[in-house]
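Work through these exercises with the structure open beside you. Try each task before you read its solution.

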Amino acid sequence: MALEIALRVNGEARSVTADEAAPLIHVLRNVLGMKATRFGCGAEQCGACMVLMDGKPTYSCSHLAIDTAGKNVETAECIGTHPLYDAFLAEQAGQCGYCLSGILMSAKALLDRSTSPSRDDIVSALDPHLCRCGAHERIIRAVERAAATLRGEAA
Amino acid sequence: MIPNALPLSLTDNPRLNQWVAFPEVGTVAVRTGKVELGQGLLTALMQIAAEELDVDISRIRLTSGDTDVSPDEGYTAGSRSVELSGGAIRLVCAEVRALILEAAAEQLGCDVADLAMEDGRVTREGAPTNLDYWMLAPHVDLGRQATGAAPAKAPTRFRVVGSDVPRRDLPEKVGGAPFIQDLAPADLLHARVLHRPRIGARLVEIDEAAALKAGGGVVTFHRSGDVVAVIGEDEAQVLAAFQRLRERARWEGGIDLAPGDAEAISLLDRPTAPDRVVERGTLAGTAAARRVEATYSKPYIAHGSIAPSCGLARFEDGRLTVWTHSQGVFFLRASISKALSLDIQAVHLLHHQGAGCYGHNGADDAAFDAAFVAMARPGRTVRVLWTREDELGVAPFGAAMVVRVSAGLDADARPVDWTIDIWSPTHGSRPGMNGAVHLLTANALEHPPVDPPPADVPDGAGGGASRNAFLLYDLPHQKMVHHFISAPPVRTSSMRGLGAITNVFALESFMDELAEEAGMDPVAYRLSLMSDPRARAVIEAAAEMSGWNEEPPEGFARGFAFSRYKNIAAYMAMVVELSVEEEVRVSRVWCAVDGGLVINPDGARNQIEGGVIQAISWALKEQVMFADGAVSSNTWETYPILRFSEVPRIETRLIGNPNHPSLGIGEVSQGPTIAAIGNGVARALGARLRHLPLTRERIMAALLEG
């Protein structure tokens, strides 16, 4: 059954119609046309589809769209203005780049909590994410760099 | 000096304007038949073009993998793109620059030696002229054949090549730019295609009514033979219908897929083609004082791209357009046209980037799936996205292999004879290879194309199972016996490194075993058998970087390995430091690589180090499993790969001489990584594990035996 859902996406109020069984990723990608959230497995096992819901990392492939009513969803479309963007480019932190949208969201959630995460904190935050190209170390360095920027330290 | 011999890509596509044109003032159109797979190739090719044309890299507009306009450069594979496409672009751009300067000299009535090019504008003795590429190009015949005679730049004059130019595609990708999976033209139709769970299975029952209901009553179906597609406007409904269809589909027959077939060693029980024997060198005549023999294996492994494969296609007015992340758009065009009985001129393929690609995955098959559905829905753009289960379950696998090495040793434990026996199915079943169509869904149609019997990648093309079967060490005699398995239980094809993965693992493990026989340090033993100076240089560099001669920290062991990929690409030596408790944990890695002239050192490091991490994952975790007549390792839970918490620190030194030609580095690190881990584990445990993956169960078994 199709339902009307009012939510905020990257701070902006949106109203969408979606089936009660539709996952959030379907609404983001196919209803709102926001393709930065990537599909990887559909089973909460790779992290490619990670978004933030009221600041908390959430698998959009399995989270029902109707459960986002009244919540604020953040997606990788919002990352261009965050220090993470420049940090990932400075470290050339990626090969194919497909896993990055999800990783950026988990990294943002971490940095929203603390601008001084330890290496272990970063690794724990990113451990739900798979990267098949092997860019892990660069990605960790990029998160460290973004944290330094947020602390006001020169990179 | 880097020679000016014409690379294959240029002899195949000899006209200058197949590669470079100036259709728009201020930009340069450069075309390549090679494609971006996540490896950063396009940035490297743009660097080469910018360097030789003397234009800023931002002026380069690179078209890649479009069968209507790109030069046909075959597959993007084998770590040869910089050598072949880069080599062609380098010579073509140098020649175009020279021709344009000659035309300028004629117009200005001056000596060409007085002229130079600065960001596309002609200067005369350092002062600007009113001439540039865009004014002069219409007056120069760029349709002429490349000669390779124009002098390309000497490395001392490089400004762009050899520097860490940031990836040109990354800013957009980090910003969410569309991969092929994200394309959504306005007339899009979504589709999912049901695939056979095993080779040759027949679809005996489907429940279309149940699938239709699950799809909200609005999806449609298209069937031919054992293929069924679910089609609709709404992706969620199509997926729901497809999942129901798949649950209720009943399959019969097909190739037997028993759990034990997942063990590589079961290859020894399969029929083989007649042995193929290749020998190098001559037996010295010295009698062996003793013999050493060991058998190693690697199971079937999955590509595991992070995105499921995807294809888009549109059929209209008798013409089929296909968007694909294939590695070989020209070969795929030929296979699609043959399977669908279309004139090849009526089929247009365009490459669009997908997630990281490490070989022949589901990309080609997904493109055909989309084409199959598009033919039934003319006038609409059809998008087929595979499921994760199909990506890990029915895409081609990296071939399982068994390798037995046997050597006769003299009194000093130096080899006097040497035999490698290799059991493997094919590493080459890409579309077009061996003259076959090679498309999953095409082979399940009501009227499938007739493919010739399988064959492996020929030695002349780098070899499949035979890749790196021969060693670079100073051995008087080497013999390879290739036992080709023509009917493996699953489809196998090219995966990053092909046979080199297992051969280098086996041979470099065996080198350590021989060093032990000789009572020598593994590095010293290797050096005692190696006269190639570039090989010696990387071996010595890796040993020095890691402090090989000092003891590792308490609780850690180190392993060493060397290889030159394909014996013609880059040289690499490496050391891993690891600990073994219940599981192997690699904590540090040191790599020394000689790839000759490196176009983009940071890009090269990214490839080498990414390859190390991927190979650690293969070595420690990965094995395709079978159950209930199908691949059961078709989720990330059942096919785990290395995670952030498991990656080591890696240090890489590039020691190549820029005056040497570029040597491929994209697949250099996989074989050595696995061998170095095997050697480290042997030192840590005092017992050698010769069968991949090096899991907790195998470690416990070795400890119990030991």
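Three exercises follow, each with a worked solution. The model is predicted: local features need pLDDT of at least 70, side-chain atom pairs count only at pLDDT 80 or more, and totals for chains, interfaces and linings use all residues. Residues are numbered from 1 along each chain as its sequence is written, chains are lettered from A in the order in which they are written, and side-chain values use heavy atoms, without hydrogens and water.

**Exercise 1. Describe the lining of the second largest pocket.**

Step 1. Fix the term. On a 1 Å grid over the protein atoms alone, a pocket is an open set of points where a 1.4 Å probe fits, with protein on both sides within 12 Å along at least five of seven lines; lining residues have an atom within 4 Å of a point.

Step 2. Count the lining. There are 40 residues, and Pro23(A), His26(A), Glu235(B), Ala236(B) and Leu239(B) lie nearest the centre.

Step 3. Find the top contributor. Helix 7 of chain B gives the most, with seven residues. Helices here are DSSP runs of H or I with at least four residues, strands are runs of E with at least two, and both are numbered from the N terminus.

**Exercise 2. Is helix 1 of chain A largely enclosed or open?**

Step 1. Set the cut-offs. Buried means under 20% relative accessible area, exposed over 50%, and partly exposed in between (1.4 Å probe, protein chains only).

Step 2. List the buried residues. They are Leu24(A), Ile25(A), His26(A), Val27(A), Leu28(A) and Arg29(A).

Step 3. Conclude. Six of the eight residues are buried, so helix 1 of chain A is largely enclosed by the rest of the structure.

Step 4. Look just past the end. Gly33(A) follows helix 1 of chain A and has a positive phi, near 70 degrees.

**Exercise 3. Which parts of chain B does the salt bridge between Asp54(B) and Arg97(B) tie together?**

Step 1. Check the pair. A salt bridge puts a side-chain nitrogen of Lys or Arg within 4 Å of a carboxyl oxygen of Asp or Glu. In Asp54(B) and Arg97(B), the closest N and O atoms are 2.9 Å apart.

Step 2. Place both ends. Asp54(B) sits in the loop between helix 2 and strand 3 of chain B, and Arg97(B) in helix 3, so the pair ties together parts 43 residues apart in sequence.

Step 3. Test burial. Asp54(B) is buried at 4% relative accessibility. Arg97(B) is buried too, at 17%.

Step 4. Widen the view. Glu51(B), Asp54(B), Arg97(B), Lys153(B) and Arg159(B) are linked in a network of salt bridges.
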